[in-house]
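Here are my comments on the model you sent, set out as numbered points. They follow the sheet, then the helices, then the charged side chains and the loop.

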Amino acid sequence: MNKYEIMFIVRADITEDEVKETVKSFEKILTDLGAKIDNSKDLGQKKLAYEIKKQVRGYYHLLNVECNSDAVKEFDRKALIDEKILRHLIIREEV
């Protein structure tokens, strides 16, 4: 299993409850596929450097996980489909 750092931005025009629900659903995607979440950190709402999908602000969230590539691929696939996720970045940490 490899270690990954996943950063994603959730739309700011939804309620905070919907943001928390979105974060939990993406954490569940990983844990259902055997991932171990080492750290889940809410970085708060920030102004975006440039407009994304007509949004100028977003909720940033950071996950440090230990999982296999299948869990990461599924996270990536679902993040691309979900309209509440503006952007996401997955980085494999070197051991």
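1. A residue is called exposed when its relative accessible area is over 50%, buried when that area is under 20%, and partly exposed in between. By that cut-off D32 is exposed, because its relative accessible area is 53%. Please keep in mind throughout that this is a predicted model, so that every value below is computed from predicted coordinates.

2. The sheet is the natural place to begin. It is an open sheet of 4 strands, arranged in the order β2-β3-β1-β4, and its pairing is antiparallel. The edges are formed by β2, covering 36–52, and by β4, covering 85–92, each of which pairs on one side only. On average, and with direction ignored, neighbouring strands of this sheet are turned by 20° against each other.

3. How many bridges join strand β1 to strand β3? There are 10 bridges between β1 (residues 2–11) and β3 (residues 55–67), and the two strands run antiparallel. Within this pairing, I6 has L63 of β3 as its bridge partner, while F8 has H61 of β3 as its partner. As general background, the strands of a sheet pair through backbone hydrogen bonds, in either a parallel or an antiparallel manner.

4. Strand β1 also pairs with β4, again in the antiparallel sense, and this pairing extends over 7 bridges. F8 is a useful residue to locate in the viewer, since its bridge partner in β4 is H88 and its bridge partner in β3 is H61. 

5. Both helices should be viewed against this sheet. Helix α1, made up of residues 16–32, lies across β1, β2, β3 and β4, and runs at about 25° to β3. Helix α2, made up of residues 69–81, packs on the sheet as well, where it touches β1, β3 and β4, and its direction makes about 160° with that of β4.

6. The helices also pack on each other. In general, two packed helices are described by the angle between their axes together with the distance between those axes. For α1 and α2 the angle is about 150° and the axes are 8 Å apart, which means that α1 is roughly antiparallel to α2. The crossing of α1 past α2 is right-handed. Which residues meet where these helices pack? On the α1 side they are F26, I29 and L30, and on the α2 side they are A71, E74, F75, K78 and A79.

7. Over the whole structure, a search finds 5 salt bridges. One of the pairs to inspect is K28 with D32, whose closest N and O atoms are 2.8 Å apart. These two residues are 4 residues apart in helix α1, and therefore about one helical turn separates them. K28 counts as partly exposed because its relative accessibility is 48%, whereas D32 is exposed at 53%.

8. A further group of charged residues is found in helix α2, where E74, R77 and K78 are linked in a network of salt bridges. In the salt bridge between R77 and E74 the closest N and O atoms are 2.9 Å apart, and in the one between K78 and E74 they are 3.5 Å apart. R77 and E74 are 3 residues apart in α2, so they are separated by about one helical turn; K78 and E74, being 4 residues apart in the helix, are likewise separated by about one helical turn. Are these residues buried, partly exposed or exposed? R77 is partly exposed, with a relative accessible area of 41%, K78 is partly exposed at 33%, and E74 counts as partly exposed at 21%. E74 and K78 also appear among the residues through which α2 meets α1.

9. Finally, I would ask you to look at the backbone of two lysines. K53 has a positive phi of about 50° although it is not a glycine, and K54, which is not a glycine either, has a positive phi of about 65°. K53 is placed in the loop between β2 and β3, and K54 is likewise placed in the loop between β2 and β3. With a relative accessibility of 48%, K53 counts as partly exposed, whereas K54, at 74%, counts as exposed.

Conventions: Residues are numbered from 1 along each chain as its sequence is written. This is a predicted model: local features need pLDDT of at least 70, side-chain atom pairs count only at pLDDT 80 or more; totals for chains, interfaces and linings use all residues. Side-chain values use heavy atoms; hydrogens and water are left out. Two strands pair if DSSP finds at least two bridges between them. Axes are lines fitted to C-alpha atoms, for helices over the stretch in contact, and angles run from 0 to 180 degrees between N-to-C directions. Contact means heavy atoms within 4.5 Å. A salt bridge is a side-chain nitrogen of Lys or Arg within 4 Å of a carboxyl oxygen of Asp or Glu. Buried means under 20% relative accessible area, exposed over 50%, partly exposed in between (1.4 Å probe, protein chains only). Angles under 35 degrees count as roughly parallel, over 145 as roughly antiparallel, 65 to 115 as roughly perpendicular and the rest as oblique. A crossing is left-handed if the near helix is turned anticlockwise from the far one by less than a right angle, and right-handed if clockwise.
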